Amino acid sequence: MDEKARRTRDLLASFYNTDPAAAGAVPASPARPSPAASSVSPLESINSASFKPDVYMDVLVQQSNLEGLLQGHVKMAAEIKNLDTDLQMLVYENYNKFISATDTIKRMKTNIVGMETNMEQLLGKITSVQSRSDTVNTSLFNKRENIEKLHRTRNLLRKVQFIYDLPTRLNKCIKAEAYADAVKFFTGAKPIFEAYGDSSFQDCKKASEEAMDIVIQHLQAKLYSDSEPIEARAEAVVLLKQLNFPVDNLKSSLLEKLEDCLLNFQNKPTNASIGDISKTFCAYLIIFPDSERRLIELAHALFTNRYETVRETLKERIPSTDLLAILRGLWEDATAIDEVIPEAALPAFSLETTRDIIKQHIATAFLHLQTEISDVLVRTHSTSNEKLEESQLQTAMEKSKIKVSQGCIDLLQEFHHLIDGDTELIVKLKDLIIDWVQEGFQDFFQKLDGHFHLLSGRSKSFSQESNSIDSVQIDKIPTVLVLMLAQLCVFIEQTTIPKVTEDLAASFSGGGARSYEYGPPFVPGEICRLYRSSGEKFLHHYINMKTQKISKLLNKRFSTPVWIKHKEPREVNMFVDLLLLEFNGVVSEVKQILPGLIRRHRHSDSTGSTTSSRSNPMREDMLNRSNTNRTRSQFLENHLAKLFEQKMEIFTKVEYTQESVISAVLKLCLKSLQEFVRLQTFNRSGFQQIQLDMEFLKSSLKEFIDDEAAISFLLKEVNNAAHERCLDPIPLEAPILDKLINAKLAKIKEQGPNV
């Protein structure tokens, strides 16, 4: 309450003296003021009843200076003026109200003066009407009794006439098949037959009962007739019940007919509609109210079988739009049946089953995509055993990439139809579908990675998929398939997963039905790391497989002949041609599958000594002047030279480029060649044969890679190994070496492109 309102209330109270108890309480005990009054400061008690002017002035003079007193004077004068104004306004306002009230009372007195006369006149008229009404009632009393008696007699005669006419009416109803009217007429006359059927109306009762027997027979025939609609049969049962005919023994046969009807609806849904089924259930509930449990079982069986049919169709890939249309129709049917039998809880059952079916549909779609990708790769495997044309591997690689990328995009478009709409079913399952799609892609990429490992023959157990690739024999895995898998992993990591992540964020954002303790359903970073690791494993696996294949050829070449009895070399050995042929196969595969060169190893990229047996004049002079007595001295010199050579990095990190993979295979094969040479013992001719073969390889391998320093170093190491294992390490003279190499080159040139 503000200050002005409080002041106004106090003024009214003081003017009208509305609180006499408070006014009289002040002089009652002047010596003992109230606790509230005693606690108030003298300066603040000016508006209280216990205000003392002398005390107020003494305190005010003691606590205020002259300027304060002047300000207090001005303030108090203004308050006094305001109080006077407020008091005047209160008096004026109340005065106007009193005048208005007085005028109103005067008008009321004037208006009420004529009302008493009118009321007296009205009372006289009402008394006159009442006396005349009593006179009329007295004069018509006897006639009214006669009229009522005649009316009762007329009604009785109508009833008697109805009873006599009942057999005729019943026969007319039978002819018109108006059995409901016949039952209505007979049940209406039944109380009279029960009272007077054995005396006055015996003939009518007998004729009516004979007619009703015919009606009962017709109703029974209609009840058992398959051609009659279910509504007519239900009406027949109701009429039979009204006639007290026992119909409980008909329940089992009628329910069997209902089962047959539901079975026909399931097999041929076009012959009936769910509306007919709903009306059937409603009619059976009316006919047999205690059959609700059995009807619930039949309804559940009907929808269970229909949903099982949908599950069977999922074994073959069907469009999401078609599946959604089927599920939406089933949901609407379940809702319609639920209006008749809500206790069956069909919408909840339908929602639960629909959720499982959509989840199965999503999982099946991913499985079909994985199978299609596998089929493309397996077809490549089946054709890779034959001689491929130059562009076949590249075409197969592009088909695999398109199948992975476009397959994921097509799946996203298919799944988008499942959440595209605002129907009740989609709204209820939208969050779950989004989570299932994201989880499906996570699981799909993980299983696809395991499937790739299974196709490559690597030991990564995915037992659930072992039956799907029976046509692939692990011991006959082609190396080109492993290389394709490596490149496909890179494509999935760098292209497919970012695209899928972008589309999921655009069309399948939200979800949240998955519990937070399991983390996000789709983690692209984890999938990228998985495929990056698998791609590196496949790439190294390809290099190892190629190296092992070439190493078997080298092992056979060096373990078969007796090197200590080798004849003088006359040409480059045939195994060099086989080795170059294998290298050509590696180059052909790599160039079709891997991208172009990104980093070229030039001669200046490698460090260390690059001098060979031909390019080192000191070495040639030493070899020309060497003999058997100086073999050990040359051996020591070679080892001393190695100590002062700079360390050369031969094996570097393998990259997804043609140059890197070809270089890795060549280096590993030459390293294996060095080890095979170290296991043999050579005579002079055998050592010279190795020298000739290595010199020819040095010029031939330049066509495959640009890292001449590394190749020269490894070939030099092979020569050095043969030199160490030779009993008489006298090399071929340079002119002879050049002559044999030129002869081999001329022979290759003559053979042309057939080589």
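Which residues line the largest cavity? In this predicted model, the lining is made up of Lys698, Leu701, Lys702, Ile705, Asp707, Glu708, Ile711 and Ser712. If you want to find the spot, start at helix H24, which covers residues 708-724 and gives the most to this lining, with three residues. The space inside comes to about 50 Å³.

That cavity has company: the structure holds four cavities of 30 Å³ or more. The second largest cavity is walled by Leu314, Glu316, Arg317, Ile318, His361, Thr364, Ala365 and His368. Here's how the linings of these two split up by class.

| Cavity | Nonpolar residues | Polar residues | Charged residues |
|---|---|---|---|
| Largest cavity | three nonpolar | one polar | four charged |
| Second largest cavity | three nonpolar | three polar | two charged |

As for volume, the second largest cavity takes up about 40 Å³.

Now for the nonpolar cores. How many residues are in the largest nonpolar core? There are 127, and the ones that touch the most other members are Phe441, Phe445 and Phe452. Helix H17, running over residues 479-507, gives the most to this core, with 14 residues.

Take a look at Phe441 in the viewer. Leaving out residues up to four places away in sequence, Phe441 touches Phe366, Cys408, Leu411, Leu412, Val500, Leu504 and Phe522.

There's also a second, separate core, this one with 24 residues. Among its members are Tyr179, Ala189, Ala211 and Met212.

Key
Residues are numbered from 1 along each chain as its sequence is written. This is a predicted model: local features need pLDDT of at least 70, side-chain atom pairs count only at pLDDT 80 or more; totals for chains, interfaces and linings use all residues. Side-chain values use heavy atoms; hydrogens and water are left out. On a 1 Å grid over the protein atoms alone, a cavity is a set of points where a 1.4 Å probe fits but cannot get out, and a pocket is an open set with protein on both sides within 12 Å along at least five of seven lines; lining residues have an atom within 4 Å of a point. Grid points are joined across faces, edges and corners, and a volume is the space filled by probe spheres set on the points. Helices (H or I, at least four residues) and strands (E, at least two) are DSSP runs, numbered from the N terminus. Ala, Val, Leu, Ile, Met, Phe, Trp, Tyr, Cys and Pro count as nonpolar, Asp, Glu, Lys and Arg as charged, and the others, Gly among them, as polar. A nonpolar core is a set of buried Ala, Val, Leu, Ile, Met, Phe, Trp, Tyr and Cys residues joined through side-chain atoms within 4.5 Å. Buried means under 20% relative accessible area, exposed over 50%, partly exposed in between (1.4 Å probe, protein chains only). Contact means heavy atoms within 4.5 Å.
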